[in-house]
Amino acid sequence: MNPAPEDQARLERLIHRTLRELPSRHAPASLEQRVRTEIARRAARPWWRQGFAHWPLAARAAVVPLSTGIAALVVLLATRLATGFDPAALDESLAQPLAWLESARTVTSAIGHSCTIIFESIPPLWLYGGLAFCAVMYAALFGLGTAAYRTFQAQR
């Protein structure tokens, strides 16, 4: 059996008022000192000992390809050790992915050059107009979101 909405609202107001009247509880002084000491200790750690989000951007960007490369090398070496180790075959198998990497660099360079040519052929007025349009649309989206949020909260 569900209580009536007005009874539910009255109960919520009573609980809210009762909880607001309770005195604030203070942490013991020893706890506050321990927390401050731990915060200072964590802040003094070098960046590589902190969380991944605190690393420099270059280090974070290098982790993914480096980890992928190490994982691929481990898999390659594990399969070579399982089938017998041949240094000539290892050199050949390592050269093939590097050739693929060179062709990927060539394709990426060509795409970048094409994008540069296309970007330089667009009149500056169109670019400024596009940026202004994006800014107006962002502001409109932000305003509509705020209005919707306020409307939704007003109904509660």
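The following exchange asks how the descriptions of this predicted model follow from its computed values.

Reader: What makes the protein chain more spread out than a compact globule?

Author: The protein chain has five helices and zero strands, in the order α-α-α-α-α from the N terminus on. Its radius of gyration is 31 Å, whereas the globule rule gives 15 Å for 156 residues; the value is well over the rule, so the chain is more spread out than a compact globule. Along the principal axes, the C-alpha atoms fill a box of roughly 80 × 60 × 45 Å.

Reader: How much of the protein chain counts as buried, and what is its accessible surface?

Author: Buried means under 20% relative accessible area, and 3% of the 156 residues count as such. The accessible surface comes to about 14100 Å², and 68% of that belongs to carbon and sulfur atoms.

Reader: How do you know that Cys115 is not bonded to Cys134?

Author: A disulfide is a covalent bond between the sulfur atoms of two cysteines. To count here, the two sulfur atoms must lie within 2.5 Å. The sulfur of Cys115 has its closest cysteine sulfur in Cys134, at 17 Å, which is too far for a bond. Seen from the other side, the closest cysteine sulfur to Cys134 is that of Cys115, again at 17 Å. A search of the whole structure accordingly finds zero disulfides.

Reader: Why is Cys115 called partly exposed?

Author: Partly exposed covers what falls between buried, under 20%, and exposed, over 50%. Cys115 has 45% relative accessibility, so the term partly exposed applies.

Reader: Which residues make the nonpolar surface patch, and what makes Leu19 exposed?

Author: Leu11, Leu14, Ile15, Leu19 and Leu22 make the patch, which has an area of about 470 Å². Leu19 lies in helix 1, residues 5–21. With a relative accessible area of 54%, Leu19 passes the 50% cut-off and is therefore exposed.

Reader: Why is the contact between Asp7 and Arg10 called a salt bridge?

Author: The rule asks for a side-chain nitrogen of Lys or Arg within 4 Å of a carboxyl oxygen of Asp or Glu. For Asp7 and Arg10 the N to O distance is 3.3 Å, so the pair qualifies. These two residues are three apart in helix 1, which separates them by about one helical turn. Asp7 is partly exposed, at 36% relative accessibility. By this rule the structure has four salt bridges.

Reader: What places Arg36 and Glu32 about one helical turn apart, and how do you know that they form a salt bridge?

Author: Arg36 and Glu32 are four residues apart in helix 2, residues 29–43, and that spacing is about one helical turn. Their closest N and O atoms are 3.1 Å apart, which is within the 4 Å limit. Arg36 is exposed, with a relative accessible area of 53%, whereas Glu32 is partly exposed, with 41%.

Reader: What makes Arg42 and Glu38 a salt bridge, and which residues are joined into one network?

Author: The closest N and O atoms of Arg42 and Glu38 are 2.9 Å apart, again within 4 Å. Both residues lie in helix 2, four residues apart, or about one helical turn. Arg42 has a relative accessible area of 48% and is partly exposed; Glu38, with 27%, is partly exposed as well. Salt bridges that share partners join Glu38, Arg41 and Arg42 into one network.

Reader: Why is the pair of Trp47 and Trp48 called edge-to-face, and why is the pair of Phe52 and Trp55 called tilted?

Author: A pair of aromatic rings is described by the distance of the centres and the angle of the planes. The structure holds three aromatic pairs. In one of them, Trp47 and Trp48 are 5.9 Å centre to centre with 90° between the planes. Centres must lie within 6.5 Å, and an angle over 60 degrees counts as edge-to-face, so this pair meets both conditions. Phe52 and Trp55 are 5.2 Å centre to centre, with 55° between the planes. That angle is neither under 30 degrees, as stacked requires, nor over 60, so the pair is tilted. Trp47, Trp48, Phe52 and Trp55 form one aromatic cluster.

Reader: Which of Trp47, Trp48 and Phe52 is exposed, and which is partly exposed?

Author: Trp48 is exposed, with a relative accessible area of 53%. Trp47, at 39%, counts as partly exposed, and Phe52, at 44%, is also partly exposed.

Key: Residues are numbered from 1 along each chain as its sequence is written. This is a predicted model: local features need pLDDT of at least 70, side-chain atom pairs count only at pLDDT 80 or more; totals for chains, interfaces and linings use all residues. Side-chain values use heavy atoms; hydrogens and water are left out. Buried means under 20% relative accessible area, exposed over 50%, partly exposed in between (1.4 Å probe, protein chains only). Patches are made of residues with over 30% relative accessible area and no salt bridge: like charges are joined within 9 Å, nonpolar side chains (Val, Leu, Ile, Met, Phe, Trp, Tyr) within 5 Å. Accessible areas come from the Shrake-Rupley method with a 1.4 Å probe; for residues, only the protein chains shown count as cover. Rings of Phe, Tyr and Trp (its six-membered ring) pair if their centres lie within 6.5 Å; planes under 30 degrees apart count as stacked, over 60 as edge-to-face and the rest as tilted. The radius of gyration is taken over C-alpha atoms; the globule rule is 2.2 Å times the number of residues to the power 0.38.
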